[in-house]
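Please walk through this model with me, beginning at an open site on its surface and moving from there to the enclosed spaces and the overall architecture.

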Amino acid sequence: MEELVLHQLLDRANTLFRRVGVGLVHEEQLAAELDLSPAAFREVFGSKAALLHAVTQRNLSRQRQEHDQLLANLATPAECLLALLHHSLQELRRSPHHDYHVMRERFPESWSLIQEYLTAYTQPLLVRLLQEGIQEGQFRADLDARATAHILLALFGLVVNEQYFPTEYFNLADVYRNVCGPYVRGLCTTAGLRLVGPLFDRM
């Protein structure tokens with residue numbers, strides 16, 4: 001199957017996962033959504049787990065490209081950090097039924113992709129922005145950039161932990177905004193807040 005068609009199928013599957021959740025949808029629904037017979041679905045993707053893995057890979061690649069485009073147009077580390085926070089918030093808003101706990105429990109290979117992305121890409125990026133922001137006086141001088149980046153990722157893990165914030169009671173995007181927004185605001189110096197105050201208001 002040519003790459004363009006495969007990407008279109010992955011995007012359509014991703015739309016269904018966002019709308020319904022990865023836990024409830026079954027392979028027959030996925031095949032129908034993609035205009036494939038069950039046999040053709042198995043030939044192309046093998047299984048729902050393999051499809052979710054491919055969708056997750058494509059999502060993470062897309063996010064990284066969007067980050068590159070976003071950060072290329074921003075001048076300061078504080079603005080970049082707030083832009084990443086806002087981007088993550090929008091991702092959660094677009095995926096109200098993502099079922100992170102289902103991925104962790106039933107689709108460990110897809111969950112591992114997310115963890116590798118956070119460890120190999122997101123954490124070093126956060127450390128760099130924090131270090132640069134400290135040097136430029138936008139973040140507090142007493143911060144440990146590596147520890148702070150680790151805390152930010154831990155806060156994200158807290159938000160998507162259904163034991164603390166079950167999705168039938170909580171909107172994860174709102175929880176993320178209320179948990180991470182005040183924390184990041186507290187990292188900023190007065191000079192940093194002057195730069196990013198309007199971005200906080202838009203969240």
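**From the pocket to the whole chain**

The largest pocket is lined by L10, D11, N14, R18, V55, R58, N59, S61, R62 and Q65. As with everything that follows, this description rests on a predicted model. The space in this pocket comes to about 150 Å³, and two helices, α1 and α4, each contribute at least two residues to its lining. The greatest contribution is that of α4, which gives six residues. Sorted by class, the lining of the largest pocket holds four charged and four polar residues alongside two nonpolar ones.

One of these lining residues, N59, repays a closer look. N59 belongs to helix α4, and because its relative accessibility is 12%, below the 20% limit, it counts as buried. When residues up to four places away in sequence are set aside, N59 touches N14 and R18, and N14 and R18 are themselves listed in the lining of the largest pocket.

The enclosed spaces come next. How many cavities of 30 Å³ or more does a search of the whole structure find? There are two such cavities, and the largest of them contains about 640 Å³ of space. Its lining is made up of 36 residues, among which Q63, S88, Y117, L118 and F156 are the closest to the centre of the cavity. Seven helices each supply at least two residues of this lining, namely α1 (3-20), α4 (48-72), α5 (77-94), α6 (100-106), α7 (108-135), α8 (145-159) and α9 (172-187). The largest share again belongs to α4, with eight residues, so that α4 leads in the lining of the largest cavity just as it gives the most to the lining of the largest pocket. In its chemical make-up, the lining of the largest cavity comprises 23 nonpolar residues, ten polar residues and three charged residues.

The second largest cavity has a volume of about 40 Å³. Its lining consists of D99, Y100, H101, V159, V160, N161, E162, F165, T167 and L172, and by class these residues divide into five nonpolar, three polar and two charged.

Q123, in helix α7, shows how a single position is connected to others along the chain. Leaving out residues up to four places away in sequence, Q123 touches L118, R146, A149, H150 and L153; of these, L118 is also one of the residues closest to the centre of the largest cavity. By contrast, the C-alpha atoms of Q123 and V179, which stand 56 residues apart along the chain, are separated by 18 Å.

Towards the end of the chain, helix α10 (residues 190-202) invites a check of its length. Its 13 residues, at 1.5 Å a residue, should span 18 Å, and the distance of 19 Å between its end C-alpha atoms agrees with this expectation. The axis of α10 is nevertheless kinked by about 55 degrees at V196, shortly before the proline P198. V196 is also one of the buried residues of α10, the others being G192, G197 and F200, and the elements that cover these buried residues include α5 and α9.

A local feature of another kind appears at D35, in the loop between α2 (27-33) and α3 (38-45). The phi angle of D35 is near 60 degrees, which is a positive value in a residue other than glycine. Is D35 buried or exposed? With a relative accessible area of 62%, above the 50% limit, D35 is exposed.

These details can now be placed within the chain as a whole. The protein chain has ten helices and zero strands, and its order of elements from the N terminus on is accordingly α-α-α-α-α-α-α-α-α-α. Along the principal axes, the C-alpha trace spans about 60 × 40 × 25 Å. Of the 203 residues in the chain, 46% count as buried. Finally, among contacts between residues at least 6 apart in sequence, 67% join residues that are at least 24 apart.

Note on methods
Residues numbered from 1 in each chain as written. Predicted model: local features only at pLDDT ≥ 70, side-chain atom pairs only at ≥ 80, totals over all residues. Heavy atoms only, no water. 1 Å grid on protein atoms, 1.4 Å probe; cavity = no way out; pocket = protein on both sides within 12 Å on 5 of 7 lines; lining within 4 Å. Points joined across faces, edges and corners; volume = space filled by probe spheres on them. Helix = DSSP H or I, 4+ residues; strand = E, 2+ residues; numbered from the N terminus. Nonpolar A, V, L, I, M, F, W, Y, C, P; charged D, E, K, R; others polar. Expected span 1.5 Å × (residues − 1). Bend = angle between axes of the 7 residues up to and from the residue. Buried < 20%, exposed > 50% of the residue type's maximum accessible area, 1.4 Å probe, protein only. Contact = heavy atoms within 4.5 Å.
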